[in-house]
Amino acid sequence: MSAPLTSLDRPNSYIGRSVPRPNAKRLLAGRGRYVSDLRLPRMLYAAFVRSPHSHAKIISIDAGRASALEGVHLVATGADLAKICTPWTGTLDHFKGMTSAPQLPLPLDRVVWAGQAVVAVVAESRAIAEDALELIEIDYEDLPIVADIDSAREAGGPLINPGSANNVCFRSQLDNGSVDDAFAHAAHVVEEEFCFGRHTAVTLEPRAIIADYDPAAGALTVHHATQTPYQFQDLYSRHYGLPEARVRVIATDIGGSFGMKLHVYHEDMAVVGLSILLGRPVKYVADRIESFVSDIQARDHRVRARMALDGKGEIQAMDVLDLTGIGAFSSYPRTSVVEGNQVIRLIGAPYRFKNYRATLEVIFQNKVQTSQYRAVGHPIACAVTERLVDMAAVKVGLDPFAIRAQNLIADDAYPQTSPTGYRFEALSHQACLKRLHEMMDYDALRSEQAELRKGGVYRGIGIAAFVEITNPSPAFYGVGGARISSQDGAIVSLTPSGEVRCLISVTEQGQGTEAIISQIVADQLGVAQEHVKVITGDTEVTPHGGATWACRGAGIGGETALQATRALRRNILEIAALILQEQPSALDIIDGEVVDAGTRNQRMPVSEIARIAYFRSDTLPPGTQAQLTVSQHFAPQGYPFAFTNGIQGCSLEVDVETGFIKMLKHFIVEDCGRVINPMLVDEQLRGGIVQGLGAALFEECRYSETGQLVNGSLADYLVPMPMEMPDIVIAHIETPTADTELGAKGCGEAGTAAASACVLNAVNDALTPFDATINSIPITPSKVLKALKRF
Amino acid sequence: MIGFDESLLDDADETVRVRFTINGRKVACEVAPRETLVDCLRNVLELTGTHAGCEMGACGACLVQLDGRAVHACLMFTVQADGARIDTIEGLTESGVIADLQAEFHRRNALQCGFCTPGMLVNAHELLSQVTRPSREDIRDALSGNYCRCTGYEAIVDAIDAVAKARIESGGPT
């Protein structure tokens with residue numbers, strides 16, 4: 001541990017210990033309770049007719065035969081739901097000038113992507129609902145299709161949203177320092193155009209929702225596989241005109257999310273309306289084919305970027321144009337421009353230069369929406385920056401490690417403000433770089449590479465430094481008008497038998513939120529972790545908060561739990577002091593016992609204090625009211641984001657005959673501030689890296705010229721599987737944030753942020769003898785062979 | 001029912017009686033011929049530990065043991081399983097045959113969301129009953145049809161590797 005010692009580093013502290021997740025045993029026994037598993041009394045099932053066209057006018061809908069089918073309870077169109085649901089618009093005020101058309105659960109007269117839900121059927125089983133779909137006849141009239149970025153930008157070309165001037169959703173520009181001057185005087189300039197395909201989250205459990213409207217109570221309960229129950233409570237309440245307190249959203253076990261399940265989906269909003277129309281629970285679980293055409297997709301960027309350097313290899317300036325396609329709408333309520341915004345602001349972030357110019361253009365197309373998915377914008381920014389740094393290294397004649405050592409911001413130079421406006425409290429790029437060099441045994445890898453090349457074996461070594469955004473303040477969404485909280489809340493109680501219950505607004509998706517919260521509570525109170533029960537994910541039970549996204553669970557949720565627990569501890573010690581006739585400051589709690597702070601001699605169990613307070617308050621001094629339930633809210637202050645940093649490295653082998661790439665080993669040195677549970681942090685990094693490797697090598701939503709997704713199944717869309725993935729070596733540097741007592745920052749994006757950049761650099765390194773380069777992700781065998789002019 | 005229109009009944013309403021042994025108990029149920037085994041297990045028998053991830057045999061979330069071998073429950077119709085012995089994650093847990101695998105998965109956090117985990121365990125159990133000393137490569141290869149989006153697989157490989165070694169040390173498969 002490189003972090004300074006504090007009260008959190010007491011002997012036997014739970015902070016910094018690799019304890020297993022208490023809630024994982026249920027999942028291992030097949031006793032998870034996912035939304036797709038739930039069945040409520042009188043529950044009905046929804047299915048949707050989807051548009052086969054990527055852009056068309058709806059001429060007529062004939063649902064007569066479907067409505068008549070035995071077991072069908074309702075067939076609903078866009079017009080039916082529009083009567084009870086107000087439209088939503090995916091814009092945020094702080095993105096000046098951004099536009100997006102209003103959206104409804106189902107379209108009224110026009111479809112804008114192939115796969116868009118058009119008509120809903122509710123029936124007694126999913127099978128009957130699907131039978132009914134077959135009986136619905138819809139007449140469409142084709143409209144001109146805008147399938148790619150270039151045709152969307154053509155002046156006078158077809159428009160996706162009638163009445164708009166063009167297909168641009170948002171434009172943004174950054175210009176700091178004197179970029180033109182820096183390029184004019186540069187000794188070296190490197191330039192490249194990069195393409196990043198669309199990919200998608202492919203959570204193993206697809207989207208799942210049960211809406212249960214009770215007309216007698218005027219109350220809506222939604223069992224929703226989401227990260228953000230509070231956000232959806234607010235949205236269902238406002239768009240269906242229900243009082244907020246009558247809307248309850250329960251997020252139980254969830255089979256993966258990674259950002260994908262925190263957006264508003266048309267089907268999900270429709271299911272709420274269908275339940276209101278029927279007064280019965282309605283369930284919808286997307287099947288895999290539906291997931292591919294309706295889950296948000298990610299990336300889809302074309303970036304032209306150049307970098308200026310002086311004669312010694314000092315980076316002087318960068319100049320960037322990012323064009324990104326987002327589908328026909330900006331998603332709601334977080335929009336589809338956050339990714340592009342983060343791309344242009346994260347580019348160059350690890351480096352010291354001051355002259356930076358970037359243009360972002362966010363463009364509509366007739367495809368499903370793109371929006372936030374794990375490591376929003378990071379992999380694009382990292383790949384563009386790190387590839388240019390490697391190209392510069394070649395031009396200047398420096399090793400990849402040497403050029404980074406020369407240009408990465410020095411570890412003692414903080415605080416720093418990036419040329420894109422990000423404020424960094426304290427990062428550790430140089431320490432991470434040094435550690436990676438040792439960990440990879442870099443010099444040995446290079447000599448092995450040289451040796452193998454003589455025998456026609458082409459290995460590549462790549463490294464990539466990154467900056468990660470975590471612990472977002474209201475600067476993320478709140479300032480833009482979105483009702484998405486940046487604060488979290490916790491209610492911590494001492495139970496009558498002396499155990500602890502913590503209700504907290506951060507949610508669990510398997511990353512171990514409940515485990516780390518129980519570690520923090522146990523640690524701060526002085527009780528065993530098994531005596532702490534953590535409850536998450538129910539808006540009727542847990543306090544309102546942001547929940548879990550953008551790496552805020554540990555940093556913000558953890559601090560909330562810490563502060564709530566410290567307040568409870570003070571209250572417990574006050575009662576203990578009254579009983580023991582001591583000063584509270586003379587007492588401490590260790591292992592569930594109140595002890596003398598100095599001698600650690602046991603005085604009385606915490607359970608005895610609970611017993612007295614709950615059942616024999618008559619024995620306490622008059623006027624004493626024991627407060628054994630404490631609630632606390634915490635919103636980040638100080639820096640708008642807690643940035644983290646790290647660096648990844650990899651070694652791989654390219655088969656120049658087949659174009660196949662074999663990952664040999666992957667490395668990461670990561671600094672997420674204080675590590676609460678090293679095992680869980682390592683697992684976040686590993687999982688994140690493998691998602692990044694999927695994007696680097698396999699994953700791409702491939703579209704035809706007419707906007708049809710052509711590989712929308714798990715047989716056709718390639719995901720990383722066990723045999724293709726390498727072992728991953730991990731090391732940590734710890735630079736806690738001083739903005740909180742806990743000092744924790746996030747770690748969920750770090751793995752994904754730089755994995756594809758690493759692979760891009762390594763593949764280009766492997767192809768050096770052939771004078772072949774690759775600038776497009778995913779790096780498929782055919783792209784390798786094309787680069788080698790063998791295909 | 002008054003006014004019931006017989007003509008609205010179609011093939012989908014016909015059911016077939018199927019009998020099998022599930023987790024050691026004899027079970028009979030009426031299923032539609034088109035119903036897959038995974039749907040029957042989950043919806044009719046409420047054994048929701050078996051998951052549906054892709055419904056085309058690519059992801060491994062629906063693996064169960066059928067007559068002792070790992071089988072994709074999404075690729076079989078229920079009627080095809082007539083007379084079979086089926087063991088799901090619930091039964092394998094109760095009988096204790098995978099207790100060491102479950103404990104090692106837990107200790108190493110070889111799961112996050114847990115949705116792939118029952119299928120992973122069924123496949124790991126299958127591997128270790130076929131191969132006593134699998135290499136890490138063998139383990140990765142055996143899991144090549146089990147998709148996990150969360151973990152990056154390494155902890156899963158480590159856990160299976162550790163259990164294989166522990167079983168050898170304790171004198172063979174448990």
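Start with both chains on screen: chain B and chain A bury about 4400 Å² between them. Carbon and sulfur atoms account for 56% of that area. Keep in mind that this is a predicted model.

**Stop 1: the interface of chain B and chain A**

Select the contact residues on each side. You should have 51 residues of chain B and 54 residues of chain A. Now pick out B:His106, B:Tyr147 and B:Arg149. In chain B, these three lose the most area to chain A, together 19% of what that side buries.

Next, look for charges that pair up. There are 7 salt bridges across the interface of chain B and chain A. For one of the salt bridges, select B:Arg136 and A:Asp727. Their side chains meet at 3.1 Å, N to O. Polar contacts join 28 residue pairs across this interface, both residues at pLDDT 80 or more.

Now colour chain B by helix. Which helices supply at least two residues each to the side that touches chain A? They are helix H1 (37-44), H2, helix H3 (99-107), helix H4 (117-130), helix H5 (136-142) and helix H6 (154-169) of chain B. H3(B) gives the largest share, 4 residues. Colour the same side by residue class: 22 residues are nonpolar, 17 polar and 12 charged.

**Stop 2: inside chain B**

Hide chain A. Select residues 7-93 of chain B for domain 1, then 96-169 for domain 2, following the domain assignment. The contact between them takes 16 residues from domain 1 of chain B and 17 residues from domain 2 of chain B. Their centres, taken over C-alpha atoms, are 24 Å apart.

How much area is buried between the two domains? About 1400 Å², with 57% of it from carbon and sulfur atoms.

Zoom in on B:Arg69 and B:Glu126. Their side chains form a salt bridge at 2.8 Å, N to O. The count between domain 1 of chain B and domain 2 of chain B is 1 salt bridge. Polar contacts are found for 8 residue pairs across this interface, both residues at pLDDT 80 or more.

Stay on the domain 1 side. Strand S3 (63-66), strand S4 (69-72) and helix H2 (89-95) of chain B each give two or more residues to the side that touches domain 2. By class, that side of domain 1 has 9 nonpolar residues, 6 polar and 1 charged.

**Stop 3: A:Ser331**

Bring chain A back and select A:Ser331. It sits in the loop between strand S14 (315-325) and helix H10 (338-346) of chain A. Is A:Ser331 buried or exposed? Its relative accessible area is 1%, so A:Ser331 is buried, the cut-off for buried being under 20%.

Show the side chains of A:Ser331 and A:Ser371: they make a polar contact at 2.7 Å. Leaving out residues up to four places away in sequence, A:Ser331 touches A:Gly90, A:His263, A:Ser336, A:Gln369, A:Thr370 and A:Ser371.

**Stop 4: A:Ile609**

Last, select A:Ile609, in helix H17 (residues 606-615) of chain A. A:Ile609 is buried, with a relative accessible area of 0%.

Show what surrounds the residue. With residues up to four places away in sequence left out, A:Ile609 touches A:Ile572, A:Ile575, A:Ala576, A:Ile579, A:Val594 and A:Met604.

Finish with a distance. Draw a line from the C-alpha atom of A:Ile609 to that of A:Gly340: the two are 55 Å apart in space and 269 residues apart along the chain.

Definitions and conventions. Residues are numbered from 1 along each chain as its sequence is written. Chains are lettered from A and ligands numbered from 1 in the order in which they are written. This is a predicted model: local features need pLDDT of at least 70, side-chain atom pairs count only at pLDDT 80 or more; totals for chains, interfaces and linings use all residues. Side-chain values use heavy atoms; hydrogens and water are left out. Domain bounds come from an automatic or database domain assignment. Contact means heavy atoms within 4.5 Å. Buried area is the accessible area (1.4 Å probe) that two parts lose on being put together, summed over both. A salt bridge is a side-chain nitrogen of Lys or Arg within 4 Å of a carboxyl oxygen of Asp or Glu. A polar contact is a pair of N or O atoms within 3.5 Å; within protein, one must be able to donate a hydrogen and the other to accept it, and residues adjacent in sequence count only if both atoms are side-chain atoms. Ala, Val, Leu, Ile, Met, Phe, Trp, Tyr, Cys and Pro count as nonpolar, Asp, Glu, Lys and Arg as charged, and the others, Gly among them, as polar. Buried means under 20% relative accessible area, exposed over 50%, partly exposed in between (1.4 Å probe, protein chains only).
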